[in-house]
Amino acid sequence: MTTIYFDNNATTKVAEEVLEEIRPLFCDLYGNPSSMHTFGGQMGRRIRQAREQVAALLGCDPSEIIFTSGGTESDNAAIKGTLAAAPNKRTIITTRVEHPAVLTVCRDLENHGYNVVELGVDRQGRLDLTELEDRLDDDTALVTIMYANNETGVILPVERIADLVASKGAVFHTDAVQAVGKIPLNLSKSSIDLLSLSGHKLHGPKGIGVLYVRKGTRLSPYMLGGHQEAGRRAGTENVPGIVGLGKACELAADNLEEENSRVKFLRDKLEAAILEKCPDCRLNGDPDHRLPNTCNISFEYIEGEAILLMLDKYGICASSGSACTSGSLEPSHVLRAMGVPFTAAHGSIRFSLSRYNTEEEVDYTIKKLPPIISRLRELSPFVVK
Ligand code: PLP
């Protein structure tokens, strides 16, 4: 049975071109970039090239790129590093729909005496910017708001938020792990101070990420040790990861527009057919401001996990929440924050596509899913027969 992979917000396939770049870096070109010899020095050049490739995708200067171990580390480093650099300020503003890599960090800081403001969202997952404006004050050290939500794909107006935050003298960080490589970004025209991204979400390797730090932004280093990354992140560089991420960014930059419209066409076809063929289901998230690859649908009266298991029998991979929270039977904190009723939140499925999906896969899923939903509804104690 072939696998139909619609779980690309959890992780993505490494592009063949990326693998080709990385392959020689394990057994042939394995020097330490900090070594004095030519063999190590070659690695330094590869890292410089990758830094330029990432910077080109983001529209920033290569010196503003710090390589980390992934999105989680970048988020931690941005939040903790900003607070350490502004010891007189004690307030952090975030949202209730952040990924745990941000939300758990903020809630932990609350236990250490920080004042954490969690902004709510409306039924479509949208923020109220006047509420943000009201809550910003002289005590605000940091505002951290995601670019695009991992569960619903909703895109938040972070460029406008960044301008607002800059006008109040606070630092603005955005978790752009789901946005980078899926929608165009240009940091040279933006007030964003700090931005996180992760290699494995854009067809790069796992265990590599970036924290973009705008020139002049005050940030205390989070990982101490050697002098790597200009003293901003210690530890021997993950050269294969860095080189792979650079190549993944180059591929994303080269094909962004064309892939966007192809993936959006497939996502829209899948979504429209599900909403038409399955009664009592609804789309979660602002339909007009969404990543082109993501679709989150609630199926009333049935459990998302049951749908996933039955899809899995046909080789179709989807998700019933973010990868980090699946395994728990709590409904998604994102859908709950949006006011999605408990029963509908329990029956929600996320389909997230990539450039490697085909129309045949979408057509196959459209054929298989409606009978699964009818069958599960027949078995559901919540459906009045
Ligand atoms: N932020 C968001 C929005 C994510 O979707 C994820 C991963 O699912 C992360 C952060 C964590 O990234 P990583 O897996 O690279 O640590």
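**Ligand shell and nonpolar core**

By class, the shell around the ligand is made up of two nonpolar, eight polar and three charged residues. The model is predicted, and in it 13 residues surround the ligand, the closest being Gly 71, Thr 72, Asp 175, Ser 198 and Lys 201. Apart from the ligand site, the briefing covers the largest nonpolar core, which has 66 residues.

**Ligand site**

- Helix α4, which spans residues 71–85, gives the most to the shell around the ligand, with three residues.
- Thr 72, one of the closest residues to the ligand, has a polar side-chain atom that lies 2.6 Å from an oxygen atom of the ligand.
- For Gln 178, an N or O atom in the side chain is 2.8 Å from an oxygen atom of the ligand, while for His 99 the distance from a side-chain N or O atom to an oxygen atom of the ligand is 3.4 Å.
- On its own the ligand has 400 Å² of accessible area, and the protein covers 88% of that area.

**Nonpolar core**

- Within the largest nonpolar core, the residues with the most contacts inside it are Leu 58, Phe 67, Ile 145 and Leu 195.
- Helix α8, formed by residues 239–277, gives the most to this core, with eight residues.
- The core lies between domain 1 (4–10 + 255–376) and domain 2 (16–252), because both domains give residues to it.

Note on methods: Residues numbered from 1 in each chain as written. Predicted model: local features only at pLDDT ≥ 70, side-chain atom pairs only at ≥ 80, totals over all residues. Heavy atoms only, no water. Near = heavy atom within 4 Å. Polar contact = N/O pair within 3.5 Å; in protein donor to acceptor, adjacent residues only side chain to side chain. Areas by Shrake-Rupley, 256 points an atom, 1.4 Å probe, with all protein chains shown as cover. Helix = DSSP H or I, 4+ residues; strand = E, 2+ residues; numbered from the N terminus. Nonpolar A, V, L, I, M, F, W, Y, C, P; charged D, E, K, R; others polar. Core = buried A, V, L, I, M, F, W, Y, C linked by side-chain atoms within 4.5 Å. Buried < 20%, exposed > 50% of the residue type's maximum accessible area, 1.4 Å probe, protein only. Domains from an automatic or database assignment.
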